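Visitor: I have just started learning about protein structure, and I would like to look closely at one part of this model. Could you take me through a single helix slowly, and then show me how its surroundings fit in?

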Amino acid sequence: MTPNAPVASLSNPPKTAEQLFLGVLVIQPSPFCNINCDYCYLPNRTSSRRMEFSVLEQTMARVFESGLAGPPFVLLWHAGEPLAVPVSWYEQAFEIINRFPGAKEKVMHSFQTNGTLIDDRWCEFIKKHDVSIGLSIDGPEFIHDRHRKTRSGAGTHAKAMRGAAKLKEAGIDFGVVSVISDFSLDYPDEIYEYFRDLGIEGVGFNIEEVEGINAESSFDQVDPATAESRVRRFLERVFARNKGDGFPLRIREFENARENILAPELNRAPDGRYYNLEVDPLAMLNVDCFGNFSTFSPELLGQATETYGSFTFGNVAANQFFEATGVESFQQVLADIESGNRKCAQSCPYWEHCGGASPSNKYYENGTFDSAETRHCRCMIQMPLDIVLADLEERLGVSYGEPPRHAA
Ligand code: SF4
């Protein structure tokens, strides 16, 4: 298939190749991770396999020849610990990428890292190439070290903090992604104060998910309704503390909710729907260290399932990205994602501000993409919207309608 051929199989709405564009390219330089968090969804974390430069070059050639690289896109080095691959590898990798015309303007590099390997050399590289940095930190040491451990069982908080200190010394701003486990829910004040005082760009919370090889979440050990009530109380408390302090901490879930309510036009597709990158074919491209690629949620990369088989839709050595749309398993995944989204649109009052959230959560929680609500969307989409809307109503002295469905 040529890049300009219509992608006739796509529906809801039908799209031509010209209407598809890349938002995020996830590249796995290596599946290896130097630590061993007990909730991690990634397979093969002990493999030290590294992407060949020829595979990287082929990946970028496929991206630029596809016509998908319209506006600037994020190149997220992830799906393993990216900094476990040495700086010297990235020096060569960036040099290869920058050979492609327009790459310097279009590619926005980003590392999501556990932070434990950051040293002066990394800081120099990060500054030189203007790489955006996300650290994975769960909160104060007694919370972080409960799940984020080395293979020998030691905590990793002190090392992550050393990395954070290095970034600060070098004047590099960074954000944080924090996994909220069942244990964390008893400590909203400690977690809020910790991140408020850390001097970060902002924090995004993820509840511990059932995903990939992480078949069980700590939330599964308690009654689901109780667990979700506790998540709501946690989020309400964090929001109230932040509000009481004048909102010094940017919290992704509340920022997204506020933007969704006050400026919904910012997240609209041309047809007026909420734009959800994870359900738009080829808007997220995920490439493993062998050059195998998938699209939709990056968490699906490298996972094998009974229902859908492999989520690999091609390999950059042999296939253009558009060829994925002709693969049978892609067609089945897309059809189910779209059917699941129709269920969302028919049943969920949050649909206009969500767009169906993450297919991987639907698959791993409900067993199929052809489904609607998940614990993840109730906690990370619906609850923040409820909390922000209630706050806006209180401040403006108005009510926008029925109270939220999920009041605990
Ligand atoms: S909040 Fe959940 S149920 Fe509602 S539209 Fe989003 S994914 Fe679907």
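Guide: Let's begin with the side of helix α7 where D189 and D197 are exposed. Keep in mind that this is a predicted model. Opposite those two, helix α7, which covers residues 188-197, has a set of buried residues: P188, I191, Y192, Y194 and F195. These buried residues take up an arc of only 165° around the axis, which means that they sit on the same side of α7. A general rule helps here: an α-helix has 3.6 residues a turn, so residues three or four places apart point the same way.

What do the buried residues of α7 pack against? Their partners are α5 (141-147), the strands β7 and β8, and α8 (224-244). Once you reach the end of the helix, look at G199, just after α7, where phi is positive at about 70°.

Two of those partners, β7 and β8, are strands, so follow them next. β7 and β8 pair in the parallel sense, with 5 bridges between them. One place to see this is I180, whose bridge partner in β8 is I207. β7 (residues 175-180) is also joined by 3 bridges to β6 (residues 132-136), and these two strands run parallel as well. There, L135 has V176 in β7 as its bridge partner.

Now step back to the whole sheet. This open sheet is formed by 9 strands in the order β8-β7-β6-β5-β4-β3-β9-β10-β13, and its pairing is mixed. Its edge strands are β8 (203-207) and β13 (314-315), each of which pairs on one side only. That places β8, a packing partner of α7, at an edge of the sheet.

Travel along that order to β3 and β9. Strand β3 (residues 24-27) and strand β9 (residues 284-287) run parallel and are joined by 4 bridges. If you find L25, you will see L285 of β9 standing opposite.

β3 and β9 lead us to another helix, which you can compare with α7. They are among the elements that cover the buried residues of α1, and α2 (87-98) is included too. In α1, the buried residues are V55, L56, T59, M60, R62 and V63. They cover an arc of only 155° around the axis, which puts them on the same side of α1. You can also check the length of α1, residues 53-66: at 1.5 Å a residue, its 14 residues should span 20 Å, and the end C-alpha atoms are 20 Å apart, so the two values agree. After α1 comes G67, with a positive phi near 80°.

Glycines are not the whole story about positive phi, though. A79 has a positive phi of about 70° although it is not a glycine. You will find A79 in the loop between β4 (73-77) and α2. A79 counts as buried because 27 C-beta neighbours lie inside 10 Å, and the cut-off for that label is 20 or more. F296 is also not a glycine, yet its phi is positive, at about 70°. F296 belongs to the loop between β10 (292-295) and β11 (304-305). With 28 other C-beta atoms within 10 Å, F296 is buried.

For one more helix, turn to α9 (residues 252-262), where A257 is found. A257 has 26 C-beta neighbours inside 10 Å, so A257 counts as buried. Leaving out residues up to four places away in sequence, A257 touches P384, L385 and V388. A257 and M383 are 126 residues apart in sequence, but their C-alpha atoms are 9.4 Å apart in space.

That brings us to the ligand. Helix α12 (residues 375-396) gives the most to the shell around the ligand, with 3 residues. Among the residues surrounding the ligand are C344, C348, C354, C377, Y350 and W351. By type, the shell divides into 9 nonpolar residues, 2 polar and 1 charged.

Finally, here is the setting for everything we visited. The protein chain contains 12 helices and 13 strands. Of its 408 residues, 43% are buried. Among contacts between residues at least 6 apart in sequence, 72% join residues at least 24 apart.

Key: Residues are numbered from 1 along each chain as its sequence is written. This is a predicted model: local features need pLDDT of at least 70, side-chain atom pairs count only at pLDDT 80 or more; totals for chains, interfaces and linings use all residues. A residue is near a molecule or strand if its C-beta atom, placed from the backbone, lies within 6 Å of it. Ala, Val, Leu, Ile, Met, Phe, Trp, Tyr, Cys and Pro count as nonpolar, Asp, Glu, Lys and Arg as charged, and the others, Gly among them, as polar. Two strands pair if DSSP finds at least two bridges between them. The expected span of a helix is 1.5 Å times one less than its number of residues. A residue is buried if 20 or more other C-beta atoms lie within 10 Å of its own, exposed if 12 or fewer, and partly exposed in between; C-beta atoms are placed from the backbone. The arc is that of the directions from the helix axis to the C-beta atoms. Two residues are in contact if their C-beta atoms, placed from the backbone, lie within 7 Å.
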